[in-house]
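Please open the structure in a viewer and keep the sequence panel visible. The tour below proceeds by selection, one stop after another.

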Amino acid sequence: MLFLTILIDLKILNKFPSNIFANDNSTSFNSLSYEEQISEYQLMVERILYKSIEKSVNNVYGENKRTSWDYRIINIERGYYPEPYLYRVTIEFETFTGAHNPPFDTNVAVYDIISFDPTIVKEISYEHYLNER
């Protein structure tokens, strides 16, 4: 349900077109199944947070030393006045070095989406756990 709230907020601010597929005008978001819509909502949130995630990874491991992937949204909390954020998103992901190497560790980060116009995201916390091999 919170994904839907983000979708509505983005729609109100005209941050994405009503037709989510750029190359196929015959397929609308509403024609997708519930599972496909949830997947698209998650992808939208990942894209909003991508630059902030990469910045966090670079701060922890060094500039361009690791790449992140396999994002999983753990929680989204809606902020109501007087909270200083619109949404607080907890996301889990893995990092790796090089295309043929296994993931090194699991990371859990919390970000506040403060504004969509312009998009302002603030890192609240970042934890990383070494994967056992």
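The stops that follow concern a predicted model and pass from a helix to a core, then to strands and a single side chain.

**Stop one: helix 2**

Begin by selecting residues 34-61, which form helix 2. This helix has 28 residues, and the distance from its first C-alpha to its last is 37 Å, close to the 40 Å expected at 1.5 Å a residue. Next, centre the view on Leu49, where helix 2 has a kink of about 50°. Then move to Gly62, just after helix 2; this residue takes a positive phi of about 105°.

**Stop two: the largest nonpolar core**

Return to Leu49 and add Ile53, Val89, Ile91 and Phe93 to the selection. These five residues touch the most other members of the largest nonpolar core, which has 18 residues. Which elements each supply at least two residues of this core? They are helix 2, strand 1 (67-78), strand 2 (87-96) and strand 3. Helix 2 gives the most, with 6 residues.

Now isolate Ile91 and display its surroundings. Leaving aside residues up to four places away in sequence, Ile91 touches residues including Glu46, Leu49 and Ile53, as well as Tyr71, Ile73, Val108 and Tyr111.

**Stop three: strand 3 and its partners**

Select residues 105-116, which make up strand 3. Strand 3 is mostly covered, with 11 of its 12 residues buried. Add strand 2 to the view: strand 2 and strand 3 pair in the antiparallel sense over 9 bridges. Then add residues 119-130, which are strand 4; strand 3 and strand 4 run antiparallel and are joined by 11 bridges. These two strands form a hairpin, with 2 residues between them.

Asp112 in strand 3 is a convenient marker for this stop. Arg88 stands opposite Asp112, and Asp112 in turn stands opposite Lys122 in strand 4.

**Stop four: Asp105**

Finally, select Asp105, which lies in strand 3. Is this residue buried or exposed? Asp105 is buried, because its relative accessible area is 3%, and the cut-off for buried is under 20%.

Show the side chains of Arg66 and Thr95 as well. The side chain of Asp105 makes a polar contact with the side chain of Thr95 at 2.4 Å, and another with the side chain of Arg66 at 3.5 Å. To complete the view, display other residues that Asp105 touches, among them Tyr61, Phe93, His128, Tyr129 and Asn131.

How values were computed:
Residues numbered from 1 in each chain as written. Predicted model: local features only at pLDDT ≥ 70, side-chain atom pairs only at ≥ 80, totals over all residues. Heavy atoms only, no water. Helix = DSSP H or I, 4+ residues; strand = E, 2+ residues; numbered from the N terminus. Expected span 1.5 Å × (residues − 1). Bend = angle between axes of the 7 residues up to and from the residue. Buried < 20%, exposed > 50% of the residue type's maximum accessible area, 1.4 Å probe, protein only. Polar contact = N/O pair within 3.5 Å; in protein donor to acceptor, adjacent residues only side chain to side chain. Contact = heavy atoms within 4.5 Å. Core = buried A, V, L, I, M, F, W, Y, C linked by side-chain atoms within 4.5 Å. Pairing = 2+ DSSP bridges.
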